[in-house]
Amino acid sequence: MEFLNDEYFMRQALRQAEKAAELGEVPVGAVAVLDNVIIARSGNMVEQLKDATAHAEMLVITQAANHIGDWRLDQVEIFVTKEPCAMCAGAMVNAHLKRVVFALPDPKYGACGSALNVTAHPGALWHVESAGGILENESKALMQEFFRRVRNRKS
C-alpha cells in the first residue's frame, strides 16, 4: 500500500514539474505530505523569481513550515521528481524532514545517495530517510523533452 501512496504523491509532483516546464523552468516539481494529505506544492521557480535558491524542494519546505507553524518537519514527507541537490538535501536535514522520495536519480549533483549522501551523513545529528526511482521513467521523459526544446530554440 505504501508504494501506491508514493506513486500517487509522485504523480502530483510530476504535475508541478509540468507546470514549471510551461513557465520555462527546469521541470522539477515537489509536494510535501503530512498524514497522507498534501500540505504544500511547487515547481522550480528559479527563473520566475530570479533566485538560485527557488528550487521546488526549498519552496515546499517553506510552505510546509508555514502550514504547520513550526520549522520542524519530522512528520512530513517530500516527493520530488529529481534527486535533491546538496542545498535542498541540507535544508531537509535542517528541517528534520521525515522522508524524501525522488523519481529521477542525479549522478552528478544528487545528494540523497547518488553523488553525495547529505541526508544520511554519518556525522549528522538528523538523518532523512530517502527512496528513489518512483516514476523515474516519467520524470526522465519530462526532463529530456524540456532540454530537447531548449536545445532546439538555441539552434
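Exposed here means over 50% relative accessible area, buried means under 20%, and partly exposed lies in between. The structure described is a predicted model.

**Helix α5**

Helix α5 covers residues 136-154, and at 1.5 Å a residue its 19 residues should span 27 Å. The C-alpha atoms at its two ends are 27 Å apart, in agreement with that expectation. The buried residues of α5 are Ser139, Leu142, Met143, Phe146 and Val150. They cover an arc of only 95 degrees around the axis, which puts them on the same side of α5. Asn137, Arg151 and Asn152 are exposed on the other side of α5. An α-helix has 3.6 residues a turn, so residues three or four places apart point the same way.

**Contact between α1 and α5**

Leu14 belongs to helix α1, residues 2-22. With 8% relative accessibility, Leu14 counts as buried. Leaving aside residues up to four places away in sequence, Leu14 touches Thr81, Leu135, Glu138, Ser139 and Leu142. Two of these contacts, Ser139 and Leu142, are among the buried residues of α5. Leu14 and Leu142 are 128 residues apart along the chain, yet their C-alpha atoms are separated by 8.6 Å.

**Strand pairing**

The table lists pairs of strands with the sense of pairing, the bridges and one pair of opposite residues.

| Strands | Sense | Bridges | Opposite residues |
|---|---|---|---|
| β1 and β2 | antiparallel | six bridges | Ala30 and Ser42 |
| β1 and β3 | antiparallel | five bridges | Leu34 and Val76 |
| β3 and β4 | parallel | five bridges | Glu77 and Arg99 |
| β4 and β5 | parallel | four bridges | Arg99 and Glu129 |

Arg99 of β4 thus appears in two rows: it stands opposite Glu77 and opposite Glu129 in β5.

Strand β1 is mostly covered, with five of its six residues buried. For β4, six of the six residues are buried, so this strand is largely enclosed by the rest of the structure. In a regular strand the side chains alternate between the two faces of the sheet.

β1 and β2 form a hairpin with two residues between them. In this turn, Asp35 has a positive phi of about 50 degrees. Asn36 is found in the loop between β1 (29-34) and β2 (37-43). Its phi is also positive, about 65 degrees, although Asn36 is not a glycine.

**Helix α4 and the β-α-β unit**

β3, α4 and β4 make a right-handed β-α-β unit. Helix α4 runs over residues 86-94, and Cys88, Ala89, Gly90, Ala91, Met92 and Val93 are buried in it. What covers these residues includes α3 (56-68), β3 (76-82) and β4 (99-104).

His96 follows α4 and lies in the loop between α4 and β4. The phi of His96 is near 60 degrees, a positive value in a residue other than glycine. With 25% relative accessibility, His96 counts as partly exposed.

**The loop between β4 and β5**

Val128 sits in the loop between β4 and β5. At 4% relative accessibility, Val128 counts as buried. Not counting residues up to four places away in sequence, Val128 touches Met92, Val93, Leu97, Lys98, Arg99, Val100 and Thr119. Two of these, Met92 and Val93, are among the buried residues of α4. The C-alpha atoms of Val128 and Arg11 are separated by 22 Å, and these two residues are 117 places apart along the chain.

**Cysteines**

How many disulfides are there in the model? With a disulfide taken as a pair of cysteine sulfur atoms within 2.5 Å, the count comes to zero. The sulfur of Cys85 has its closest cysteine sulfur in Cys88, 3.7 Å away, which is too far for a bond. Cys112 is in no disulfide either, and the nearest cysteine sulfur, again that of Cys88, is 9.1 Å away. Cys85 is buried, with a relative accessible area of 16%. Cys112 also counts as buried, at 7% relative accessibility. Cys88 is one of the buried residues of α4.

Definitions and conventions
Residues numbered from 1 in each chain as written. Predicted model: local features only at pLDDT ≥ 70, side-chain atom pairs only at ≥ 80, totals over all residues. Heavy atoms only, no water. Expected span 1.5 Å × (residues − 1). Buried < 20%, exposed > 50% of the residue type's maximum accessible area, 1.4 Å probe, protein only. Arc of directions from axis to C-beta. Contact = heavy atoms within 4.5 Å. Pairing = 2+ DSSP bridges. Right-handed = clockwise from strand over helix to strand, strands pointing away.
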